[in-house]
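Here are some notes to read alongside the model as you find your way around. Keep the structure open and follow the points in order.

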Amino acid sequence: MIKLTVNGKKRAFCGPPFKRLIDVLREDFRLTGAKEGCGEGECGACAVLVEGQAVNSCLIPVCQMDGRKIETIEALGTVQKLHPLQEAFIEEGGAQCGICTPGMLMTACAWLRSHRAPKHSLRAHGARPLLKYGRGTYRSPQDIRRVLAGNLCRCTGYQPIVNSVVRAMKRHRTPK
Amino acid sequence: MTVVGTNARRYEGPDKVCGRAKYIDDHDFPGCLFGVTVRSSVAHGRIRRIDFDPKFPWSECVVATARDVPHNSVLLIEQDQPLLVDEIVRHAMEPIALIAHPRREKAYEALRHVHVEYEELKPALTLSQALGTEALIFAPDNVFKRFLIEKGDVEAGLRSSHFIVEGEYRVGHQEQAYIENNGMAAWWDNGGVSVMGSMQCPYYVHKAIKHMFGLPDEKVRVIQTATGGGFGGKEEYPNMIGGHAAVLARKAGRPVKIIYDRGEDMAATTKRHPAVVRHCTGLSRDGKLLTQDIEVIMDGGAYVTLSPVVLSRATLHAAGSYECPNVRVRSQVVATNTPPNGAFRGFGAPQTLFAVELHWEKIAQATGIDSLTLRRRNAFREGSITATGQHLRQSVGALETLECCVKRGGYERKRKEYERFNRDPKKKCWKGIGLALVHHGAGFTGSGEAHLASRAAISLTRQGEIKVLAASTEIGQGTNTLFAQIVADTLGVPYDWVAVEAADTGRVPNSGPTVASRTCMIVGGLLQQAAHLFKKEVVEARGSFPKTRKDMHLAAVSLCNGQPEKRFETQYQTPAHVHWDDKTYRGDAYGVYSYATVVADLEIDKTTFEVRVRKITTAQDIGKAINPLLAEGQIAGGTAQGVGYALYENVVMKGGVMANAQLTNYIIPTSLDTPPMDVVIIERPYSEGPFGAKGVGELPMDAPGPAIAAAIYQAAGLLISELPILPEKIAQAKSHDQADG
């Protein structure tokens, strides 16, 4: 039996150990927020956080997740109380068809947390900055493009997504 | 309070950012089976037999073949395409049989236990093979459709020309690459069928399914789920996959869901038509166009599908956004033994506009007049007459977009600066800046809208809820939001009073397909009229229009008169000024055109020949931006697809099948491949569009290709006339160039 924590809840999985994490999340746990776009780790639509790090859940056998903490889009915010990134994605047009959006948001979220910039807001959502990306200095739009380069979007041309992340960063930068 | 012209919040935005929007594979159907498709491995052949390996437990499966389809054709323009092959396979990856199993992985396993034996026939895989006598695919000559446009006298124009410039341009396939693959589910009850899934055009599927099973209107219901991108790729193909799901569900007596994986979606479904375009252009000494003789050949694939209409748009845009007294466009779309090509944003226009725009660089070389000056001298303005004899009376923003981009993109200054830069052999890269100016007809071509006779409605429920009823789908572009904005402002009510009904043929009238940049301009226009009807009736009944929700509820109770709702419906009527002759291909090809200029600023690495687009500046005249944020989103997104078309997206065909049907080796632009964009919206209102709006969906796809090719021409000194321009192609052209030089 594989024991894991998904969105703060303890879960157990008793099926085939090599079942892909994405299938376990979608089929066994009914968390359909993560999407399958390519099944080979190219598009990032299935990105979820494992111990705070964004990973493609289509590439991970569930047996590797024993004892791990997983976060999916379902835990980021709710329609009633959106996470700052989700709010920014709506305000800046970062979501069009919406299929890449969950993966895009999880990747952006992991990165923002790792920089402590929007600490208070993310803490409020039960997150802990576990991994660092880069050197922890100021992020430029080009840095955002680099971070999101593993998440394909066919609708937006990325500019609105970059704008969304910038907006979320600006709004929630904590005063020193 | 007005909401048109503001960035009203995306209607379904919160659901999308919370991962709550339900796409087809997110829906559960009790007792559902999972369907997969047995596909042909040969490009052309006769099926001898289909063997089902007796070692596999077939009793667990439901299997369907051509014999299970009452009317075995996918109804579109023609009926030449079977839902399942009965005898002759005409392209690789063609559906032959269907298998359903309660478990997805078992269904895929079953596929490996089916063996089809063929008598192979000689295929025609290329245009030249199809136009030769290699194989007959479509009688009598493998040509699906031809068009001819004639204006003035091309030969006389050539005789009086000072310069004559010829060129040939080529473009390959392009894959839509929506991130959600095609998928549909179907179930039967009470002798009727419901089909649900990812699609652009519910009423196309409705019509096709009715035909397949000989059912009346009310026995077929088609429901769109949240759709993860379309770009044309979910215009006609859902007829096929929806039909497959319905056939399996009928035989199984249970719901069946078919979801393609990426490899199947890329290899089996439609793509942009490859094309060859030849230009012979005559100009006066001072660079005025005197004659354009243009030939277009497109590769349609194995079945007609939408090819005649794609060819029509390609033909009508082939002469570009320029006035010329003598024009001839001869075009044809040819059958080959490859998967049918189909709708993709731009719908034929990006192919021919690439040719006419890049041709300006060749003309500039021949005449010594730069391509910007040439465009300024010849571009459409109000009063211009197009190749079909259409008199452009209003809303012509061509030159405005051009001048805006030239200024903001620093085009003339950078052109000179890069010329100096490129002379320095010590630099590690070459720099280039290029531009393109395009037009794009909004709505269906010619009499298309009149034939469609679309209907849209507004419903007022007894509870006082205002609902938009249209079959136009939300596929990311913002249909829901735009419709709510248009209706709210026309009625003079707050934006959040207006709801949008799901695109479900059981609930909404046929507002036509979600294609051809028509949703906002045509269907938005119908809704505006419906809102006027609504308002008039309420005001007549009550003396004034309700200002509070409570008053609206009271008005609704009396207007509904005991019924659950009152509908205000309108139907499309061709504007009085639009005249088109389908026989001669003369007249008003489109009610109006949108215009765009793109300036592409890039550099090429001298060692690897990689092209990096540094910046795109674009100005687009779309009449009126109902929601500027959504409009900019369309422009940025279409431009990125144009960058992919220009530089990265290379469909490799081997033996008539896509050899790189993976996102690993079919490269669509990432956030790093896509440059920052400076997007300017120009508003030259169109009198027949809602609040002056024209089309925006496809326009942004047209200009990046030729603008990037022109910038590469300045950077590397190579006029590469075939897209995509991969580093290998530049390297090869460079080595030829040096060998020749």
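1. Start with Phe29(B). Is Phe29(B) buried or exposed? In this predicted model, Phe29(B) counts as buried because its relative accessible area is 13%, under the 20% cut-off.

2. Now look at what Phe29(B) sits against. Its ring pairs with that of Trp187(B), the centres 5.4 Å apart and the planes at 35 degrees, so the pair counts as tilted. The two partners come from distant parts of the chain, 158 residues apart. Phe29(B) lies in the loop between helix H1 (13-17) and strand E1 (33-39) of chain B, while Trp187(B) belongs to strand E9 (residues 183-189) of chain B.

3. Compare that with Phe52(B) and Trp58(B). This aromatic pair is edge-to-face, with 5.1 Å from centre to centre and 85 degrees between the planes. As for cover, Phe52(B) is partly exposed because its relative accessible area is 29%, which falls between the 20% and 50% limits. Trp58(B), at 17%, is buried. Add Phe56(B) to these two and you have one aromatic cluster. If you want to go hunting for others, there are 15 aromatic pairs over all chains.

4. Rings also turn up under charges. Have a look at Lys234(B): its charged end sits over the ring of Tyr178(B), at 4.4 Å from the ring centre. Arg272(B) does likewise with Phe344(B), its charged end being 4.2 Å from the centre of that ring.

5. Next, the strands. I'd pick out strand E23 of chain B, residues 593-605. How many of its 13 residues are buried? Eleven of them are, so this strand is mostly covered, buried here standing for under 20% relative accessible area.

6. E23(B) has strand partners worth tracing. With strand E16 of chain B (residues 429-441), E23(B) pairs in the antiparallel sense over 13 bridges. To find your place in that pairing, look for Thr597(B) in E23(B), which has Leu437(B) opposite. E23(B) also runs antiparallel to strand E24 of chain B (residues 611-621), and ten bridges join these two. There, Ile604(B) has Val611(B) of E24(B) as its bridge partner.

7. Don't skip the turn. E23(B) and E24(B) form a hairpin with five residues between the strands. In this hairpin, Phe609(B) takes a positive phi, near 65 degrees.

8. On to the empty spaces. How many cavities of 30 Å³ or more does the structure hold? There are twelve, and the largest has a volume of about 110 Å³. It is lined by 16 residues, and those closest to its centre are Gln81(B), Tyr237(B), Met240(B), Thr270(B) and Pro340(B). Helix H6 of chain B (residues 237-252) gives the largest share of this lining, three residues. By class, the lining of the largest cavity has eight nonpolar, six polar and two charged residues.

9. Finally, the second largest cavity, with a volume of about 80 Å³. Residues lining the second largest cavity include Leu316(B), Tyr322(B), Phe380(B), His439(B) and Tyr593(B). What classes make up the lining of the second largest cavity? Seven of the residues are nonpolar and four are polar, with no charged residues. Tyr593(B) also ties back to point 5: the residue is part of this lining, and E23(B) covers residues 593-605.

Key:
Residues numbered from 1 in each chain as written. Chains lettered and ligands numbered in written order. Predicted model: local features only at pLDDT ≥ 70, side-chain atom pairs only at ≥ 80, totals over all residues. Heavy atoms only, no water. Buried < 20%, exposed > 50% of the residue type's maximum accessible area, 1.4 Å probe, protein only. Helix = DSSP H or I, 4+ residues; strand = E, 2+ residues; numbered from the N terminus. Pairing = 2+ DSSP bridges. Phe/Tyr/Trp six-rings, centres within 6.5 Å; stacked < 30°, edge-to-face > 60°. Lys NZ or Arg CZ within 6 Å of the ring centre and 35° of its normal. 1 Å grid on protein atoms, 1.4 Å probe; cavity = no way out; pocket = protein on both sides within 12 Å on 5 of 7 lines; lining within 4 Å. Points joined across faces, edges and corners; volume = space filled by probe spheres on them. Nonpolar A, V, L, I, M, F, W, Y, C, P; charged D, E, K, R; others polar.
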